[in-house]
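Please look over the sequence and the structure below before reading on. The briefing that follows takes up the two chains, their contact, a pair of packed helices, the core and a single residue.

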Number of protein chains: 2
Amino acid sequence: MSSESSTNLNPTAKTTGLILGFDPGLSITGYGIIRVRNQQPELVEAGILKMRRDRTLAERLKELHDGVTEILGSFPIAAVAIEQLYSHYERPRTAILMGHARGVLCLAAANANLEVHSYEATKVKRMLTGNGRAPKDQMQQAIRLQLRLKEPPDPPDVADALAIALCHYFTTKQHPQLSDQKLRKKP
Amino acid sequence: MSSESSTNLNPTAKTTGLILGFDPGLSITGYGIIRVRNQQPELVEAGILKMRRDRTLAERLKELHDGVTEILGSFPIAAVAIEQLYSHYERPRTAILMGHARGVLCLAAANANLEVHSYEATKVKRMLTGNGRAPKDQMQQAIRLQLRLKEPPDPPDVADALAIALCHYFTTKQHPQLSDQKLRKKP
């Protein structure tokens, strides 16, 4: 597994209540960590975990788990956010394989005593753009604006992970009691 | 998670080259451990891991992982066997959730440095009964005969786990070079 961090803004700043979003996959898992300062979400770090394609399923899951555990040990994460499962998938076998990766991410979060919050894809899009069917480029621009980035986040796995993390932030902002309960929970 | 062992035959006997079969599930995961003595497969232990239904997905995955890790630490397992994924499932959402459990089992095996062998359901049935579409009761009788049990294995999760373990044994018996390579691999 190779971890490719795309950004690490000011790592010396005081970081509290970090939100970690994931876009799970067996080949590539995107992750994005945000914090909130003065009611403003900021990018802390984002990147991908890349599993070696010539490895067995079990070996790739171990690579993924090791990578995620390292991230969870490196940042004071307060909440983990991930996309909700759909009822229907175009490619069920791919979806089941994604389920293996998602299971390992949930396990790593549980082992770190963190709650996993899941959001439907349409809710994530609606929260960020007002449109539950927003196309990819509109989502990327919304993430860029929210996090005040120079460029839209790339690759898509990172954009999706950041979108989920932002969705969790906006949800807790709308429902502060959720924020009180959930964001103060520490590993 | 509660571990309910149904059988533990002669735990003091020398055990080598144990095969551990799983029937993964988020509510109940069946497991079955067999050994081979004088070309004869024998039951070592079988049971279920039962996850608490009122727990979150992540918590249940942690319970499952803890239970499987305990089993892997308690027996000198040489190989892990599990059902192959299909291409089509009647209930995709259930299958994706099963994928979460399957991913955690594969991870636990990889962490124990064990290879995971997977077999198609039709192959498992054909290996045990000669019929790739054998009904449940025929499979239970075949497992009972092969392992010389007084009663057919029950619940179904245990029967399926033992069937997978037996399928791996018969496969390595047909292909001794596979047995040499795989069964001698130790955790």
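Copies are superposed by least squares on the C-alpha atoms of residues with pLDDT of at least 70 in both. This matters here in a predicted model, where a rotation of 180 degrees with 0.0 Å of shift along its axis lays chain A onto chain B with an RMSD of 0.0 Å. Such a relation is that of a two-fold axis, and the two copies use the same surface, since 100% of the contact residues of chain A recur in chain B.

**How the chains meet**

- Across the contact between the chains, 27 residues of chain A are in contact with 27 residues of chain B.
- On the side of chain A that touches chain B, helix H1 (57-74) and helix H2 (92-111) of chain A each supply at least two residues, and H2(A) gives the most, with 16 residues.
- Sorted by kind, the residues on that side of chain A divide into 16 nonpolar, seven polar and four charged.

**Two packed helices in chain B**

- Two packed helices are described by the angle between their axes and the distance between the axes.
- In chain B, helix H1 (residues 57-74) and helix H2 (residues 92-111) pack at an angle of about 35 degrees, with their axes 9 Å apart, and the crossing of H1(B) and H2(B) is right-handed.
- H1(B) brings B:Leu57, B:Leu61, B:Leu64, B:His65, B:Val68, B:Thr69 and B:Leu72 to this contact, while H2(B) brings B:His100, B:Ala101, B:Val104, B:Leu105 and B:Ala108.
- The residues of the contact of H1(B) with H2(B) divide into nine nonpolar, three polar and no charged.

**The nonpolar core**

- Which residues touch the most other members of the largest nonpolar core? Of its 116 residues, they are A:Leu162 and B:Leu162.
- If its neighbours within four places in sequence are left aside, B:Leu162 is in contact with B:Gly21, B:Gly32, B:Ile34, B:Ala46, B:Ile143, B:Leu147 and B:Pro153.

**A residue of helix H2 in chain A**

- A:Asn111 lies in helix H2 of chain A, and A:Asn111 counts as partly exposed because it has 18 C-beta neighbours inside 10 Å, whereas a buried residue would need 20 or more and an exposed one would have 12 or fewer.
- Although A:Asn111 and A:Leu72 are 39 residues apart in sequence, their C-alpha atoms are 9.9 Å apart in space.

Conventions: Residues numbered from 1 in each chain as written. Chains lettered and ligands numbered in written order. Predicted model: local features only at pLDDT ≥ 70, side-chain atom pairs only at ≥ 80, totals over all residues. Axes fitted to C-alpha atoms, helices over the stretch in contact; angles between N-to-C directions. Helix = DSSP H or I, 4+ residues; strand = E, 2+ residues; numbered from the N terminus. Left-handed = near helix turned anticlockwise from the far one by under 90°. Contact = placed C-beta atoms within 7 Å. Nonpolar A, V, L, I, M, F, W, Y, C, P; charged D, E, K, R; others polar. Core = buried A, V, L, I, M, F, W, Y, C linked by C-beta atoms within 7 Å.
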